[in-house]
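Me: Could you take a close look at a single part of this protein with me, and then set that part against the rest of the chain? I am in my first year, so please go through it step by step.

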Amino acid sequence: MSYFTEEDFKNGQILLFDKPLHWTSFQLVNKVRWLIRKTYGIKKIKVGHAGTLDPLATGLLIICTGKYTKKIPELQGQIKTYTGTFTMGATTPSYDLETKIDQHYPTTHLHADLLHEATENFTGEISQYPPVFSALKKDGKRLYEYARKGQDVEIEARKVEISDFTLSHIQLPEVSFEVTCSKGTYIRSLAHDFGKEVKSGAHLSALRRTKIGDFLVSNALTLETFSNQLPK
């Protein structure tokens, strides 16, 4: 097995990780930084990620070290692919499972043809409102800070690009999907809007990022694998 060296990390590495469920992207970056510092006995090393994944999502997180942290903006701008599940017939304030169901909706009118046809209204450039339970900033505060206090906050719609949106399996109330989209797309918002489009409700109940540009989650490391590639 070939091991990473201290110079490898300082000169710059692009590391692909499969982020575990319930971890924040920040926690994973901190753990990687701590492992590198501990292994080589160094006080400082630049480590950052190229695109946040929510704690309830799993999958591809690109982490850059050393001089390659300068590549982060370029990597963040790449097209991303996700797979996951919408649960139809119910909504939550966060548009996912972070918060409890607040409303129920009928699903008896839903059928495969209707659902497949609805995806066509979400391809190309679309206008999307980010979830109020998100880390976007408004007047210096994260949106979720307002949301958790029950404070109303005005959110502006944003233009995003969805190049592919397909449903891979339908077993109501669950609908499995794959989406390829631009930077800044919220799959939680897509779930919420999709529910409204079919005159029901929906929330995101599972999400996995499988691809960023040409980088694939199938080539990603677990923390354990990464740790084993460090010299002992």
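Reply: In helix H6 of this predicted model, the buried residues are Ile187, Arg188, Ser189, Leu190, Ala191, His192, Phe194 and Gly195. The helix runs over residues 187-197 and is mostly covered, since eight of its 11 residues are buried. Buried here stands for under 20% relative accessible area, and in the protein as a whole, buried residues make up 44% of the 232 residues. Just after H6, Lys199 takes a positive phi of about 55 degrees.

H6 belongs to a protein with seven helices and 13 strands, in which 71% of the contacts between residues at least 6 apart in sequence join residues at least 24 apart.

For a contrast with the buried residues of H6, we can turn to the surface, where the protein exposes about 12400 Å², with carbon and sulfur atoms supplying 49% of it. Leu21, Leu56 and Leu97 make a nonpolar surface patch of about 250 Å². Of these, Leu97 lies in the loop between strand S5 (90-91) and strand S6 (103-104), and Leu97 counts as partly exposed because its relative accessibility is 49%, while exposed would require over 50%.

A positive surface patch, in turn, is formed by Lys44, Lys46, Lys67 and Lys70. Lys46 lies in the loop between helix H2 (25-40) and strand S2 (47-49), and with a relative accessibility of 59%, Lys46 therefore counts as exposed.

Definitions and conventions
Residues numbered from 1 in each chain as written. Predicted model: local features only at pLDDT ≥ 70, side-chain atom pairs only at ≥ 80, totals over all residues. Heavy atoms only, no water. Patch = residues over 30% accessible without salt bridge, like charges linked within 9 Å, V, L, I, M, F, W, Y side chains within 5 Å. Areas by Shrake-Rupley, 256 points an atom, 1.4 Å probe, with all protein chains shown as cover. Salt bridge = Lys/Arg side-chain N within 4 Å of Asp/Glu carboxyl O. Helix = DSSP H or I, 4+ residues; strand = E, 2+ residues; numbered from the N terminus. Buried < 20%, exposed > 50% of the residue type's maximum accessible area, 1.4 Å probe, protein only. Lys, Arg positive; Asp, Glu negative; His and termini not counted. Charge placed at Lys NZ, Arg CZ, Asp CG, Glu CD. Contact = heavy atoms within 4.5 Å.
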